[in-house]
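Work through the exercises below with the coordinates open. Try each task before reading its solution.

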Amino acid sequence: MEGVPRLYMIGLPAKRCVDNQKPNFSSALNHEIQTSYDRDPSFYSADIDTLLALRKSAMSVVMSSACNVEDCTALKRYYAHLVRLTDKFPKLLQQQSSGLQESYDDVEAGTARESKPLMFKWKRALGGKTNLQHQMKNNMDSTSVVDTGDIGYEMRCVLYNVGAAHSRLAAAQDRSPPLVSSSMPTTVDDGEIPSNNALKIACTHLQCASWAFQQLLGADGSNNEQTKWNHRQQPQVTSRAVLEFAYNVTLAQAQECILEKSMMDGRKPLIIEATKVSAMICEYFAGAVDAVQRVEQEPYCVSTSRLEKWRLFSEFKCRYYGAVTALFQGQHVQDQLQQMGTRVSYYRRAVNLLGRAGLISESGGKTAASMSKDEDSADDDYYYYLESEHGHPGTGRSAAAKVRKEEELEMRRDTLSFAMDVAAAKWRAAKSENELIYHEPVVPVLSDDDDSDCLGNTSSKTTHGRQLEKVKGASLVKPIAFSVDDPELLAVVLVTNNNESSSVTTTTLFKDLVPTVTRHRAAMYRTEKRNLEEDMQSLCQEADDRLNEFSDTLHLECLEMYKSKNGEFSDSGNEKNDVIELPQQLVNCCAAYQALLQQRQEKDGIISSAVEEDQLDIDMARLSAAVQAVDGMLDEIDRFLK
């Protein structure tokens with residue numbers, strides 16, 4: 001299966017904002033700077049202009065159908081600064097959208113300096129038109145624009161676009177299999193095979209995209225605490241079913257990259273691992289199919305055309321990878337378990353699922369062809385690397401080319417044709433060998449049109465006896481987060497224009513803003529610190545005074561007098577300078593100490609001699625008792641001898 005043509009991947013459509021609309025950051029932030037920080041707002045006009053420039057670059061990415069890594073970084077940078085902005089100005093989160101309908105034309109002169117609330121305008125639907133049929137059927141409001149002052153909604157929309165941009169970058173990678181198998185060794189000069197590198201890049205992008213959708217779903221277990229609080233509120237970016245579809249599809253496609261790499265390796269010890277990986281892909285796409293079915297009941301989400309694309313893509317890939325799983329299981333029971341009858345059932349199951357996938361592909365192609373062309377073509381979510389008619393990658397159109405419906409159908413047909421040839425050949429060979437050689441019982445499989453087990457449902461037709469074992473999928477991918485505290489995202493370039501010259505500096509927006517309350521508390525801290533220092537200095541001064549008083553009672557000045565006098569004798573060359581003349585009071589103290597010490601030593605000597613005499617008497621008494629005992633024993637022995 002390492003040579004099977006690659007199926008295309010999809011990228012999620014972007015959440016678009018209203019053209020020529022820009023939030024009034026200046027009014028809101030100037031008011032907060034004046035009231036909360038007690039600073040002159042004019043000092044931060046360059047920071048506000050830079051913030052607006054960041055939003056403009058991020059919105060240009062949203063409005064374009066294709067993007068690159070730099071565009072994705074621009075979205076992350078704007079999101080990181082929004083998080084920092086809400087940390088600096090928490091009152092922005094308290095602004096309600098209900099206040100946006102108020103008129104500011106009649107503001108009185110006394111309140112003219114009050115701030116106007118922020119206003120963000122985003123299109124309600126993703127990419128193109130809404131589900132107008134469901135909207136008209138249920139007589140719902142036709143408002144296509146979300147007009148809100150909630151900066152949290154702006155952050156949620158930007159985070160969704162981060163995930164959508166990552167998914168489109170992943171879908172644009174050239175994953176076509178190499179002309180030379182990757183199992184063959186490559187030299188250092190050859191480097192890494194381009195398709196292998198593309199698989200790694202696509203897998204990383206998809207895991208990054210799944211993290212953004214996971215945060216919007218409010219999933220637990222997130223390591224980034226700063227992104228939890230603002231993603232579970234209303235209004236939502238889109239319906240929960242659409243987010244679940246995006247989350248399942250991105251993880252499924254990331255797992256798909258890992259499976260393609262393992263198939264290109266083609267090593268037999270990896271067959272059971274590849275089976276579990278393929279089974280997990282099938283489970284992810286089954287979750288996507290369930291999400292698409294719930295999206296149909298919700299308006300304003302996606303257009304009917306895009307919904308049909310999602311349904312076709314999910315149902316087709318769910319059956320296709322169910323067939324791949326059955327092929328791997330058949331190869332595993334043949335090579336490792338030597339169950340020749342069971343392998344026939346697995347190969348037959350793979351043929352059935354591929355046939356069902358072909359029916360879904362053809363019917364979906366007819367449905368797509370009958371549908372009218374709508375605005376989805378301006379932001380198509382399908383990107384892949386098209387090969388030339390000779391099949392050599394690198395000579396066809398670029399990855400950013402829009403895919404026509406006929407080309408999508410042709411890609412599905414090529415992949416199904418290759419997989420069906422492999423599965424049918426394996427099934428016919430296994431069936432013939434089992435009938436002629438092994439004669440092992442064959443486990444009955446479901447009918448050709450029953451594929452409910454691929455979607456995680458129980459079969460509609462109950463069977464008795466043995467059934468094929470269903471392998472449990474193993475997920476080798478997980479969401480990858482990005483840090484809003486990344487210095488590279490927070491660093492911006494400020495250009496300050498003076499009258500004579502201009503200066504360019506790299507800094508962080510509003511980094512020197514300190515709240516008024518914090519400054520007051522810092523002043524209180526400095527006052528308390530100064531008071532404590534004064535108290536400690538007074539205590540040290542009192543201790544010095546007591547020490548000086550005690551030193552005066554010792555009359556240490558006489559030592560200074562003796563030192564000076566002894567120095568005079570030394571200078572005059574007197575022979576008596578070797579004799580130490582101490583103060584009489586000190587001599588008397590030393591004599592008293594020596595006498596006391598001698599008395600103590602004599603007393604200790606008397607006590608020790610008395611103790612020695614007592615010990616000698618005790619030893620003599622013991623010796624006398626021992627002699628008497630020996631004499632008694634000798635007398636008794638003498639009597640026995642007589």
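Three exercises on this predicted model follow.

**Exercise 1. Helix H5**

Task: Compare the span of helix H5 with the expected one, then decide whether H5 is enclosed or open.

Solution:
- Helix H5 covers residues 151-171, which is 21 residues.
- At 1.5 Å a residue, 30 Å is expected; from first C-alpha to last, H5 reaches 30 Å, close to that value.
- Now burial: 21 of the 21 residues of H5 are buried, so the helix is largely enclosed by the rest of the structure.
- Last, the N-terminal end: aspartate 150 caps it, with a side-chain oxygen 2.9 Å from the backbone nitrogen of glycine 152.

**Exercise 2. Aromatic pairs**

Task: Classify the ring pair of phenylalanine 245 and tryptophan 310, and place both residues.

Solution:
- The ring centres of phenylalanine 245 and tryptophan 310 lie 4.4 Å apart, and the planes differ by 20°.
- Planes under 30 degrees apart count as stacked, so this pair is stacked.
- Phenylalanine 245 sits in helix H7 (residues 240-265) and tryptophan 310 in helix H9 (residues 304-335), 65 residues apart.
- Phenylalanine 245 is buried, at 0% relative accessibility. Tryptophan 310 is buried too, at 0%.

**Exercise 3. A surface patch**

Task: Which residues join Val627 in a nonpolar surface patch, and is valine 627 buried, partly exposed or exposed?

Solution:
- The patch consists of Leu616, Met620, Leu623 and Val627, with about 390 Å² of accessible area together.
- Valine 627 belongs to helix H15 (residues 584-641).
- Its relative accessibility is 43%. Partly exposed lies between 20% and 50%, so valine 627 counts as partly exposed.

Key:
Residues are numbered from 1 along each chain as its sequence is written. This is a predicted model: local features need pLDDT of at least 70, side-chain atom pairs count only at pLDDT 80 or more; totals for chains, interfaces and linings use all residues. Side-chain values use heavy atoms; hydrogens and water are left out. Patches are made of residues with over 30% relative accessible area and no salt bridge: like charges are joined within 9 Å, nonpolar side chains (Val, Leu, Ile, Met, Phe, Trp, Tyr) within 5 Å. Accessible areas come from the Shrake-Rupley method with a 1.4 Å probe; for residues, only the protein chains shown count as cover. A salt bridge is a side-chain nitrogen of Lys or Arg within 4 Å of a carboxyl oxygen of Asp or Glu. Helices (H or I, at least four residues) and strands (E, at least two) are DSSP runs, numbered from the N terminus. Buried means under 20% relative accessible area, exposed over 50%, partly exposed in between (1.4 Å probe, protein chains only). The expected span of a helix is 1.5 Å times one less than its number of residues. A polar contact is a pair of N or O atoms within 3.5 Å; within protein, one must be able to donate a hydrogen and the other to accept it, and residues adjacent in sequence count only if both atoms are side-chain atoms. Rings of Phe, Tyr and Trp (its six-membered ring) pair if their centres lie within 6.5 Å; planes under 30 degrees apart count as stacked, over 60 as edge-to-face and the rest as tilted.
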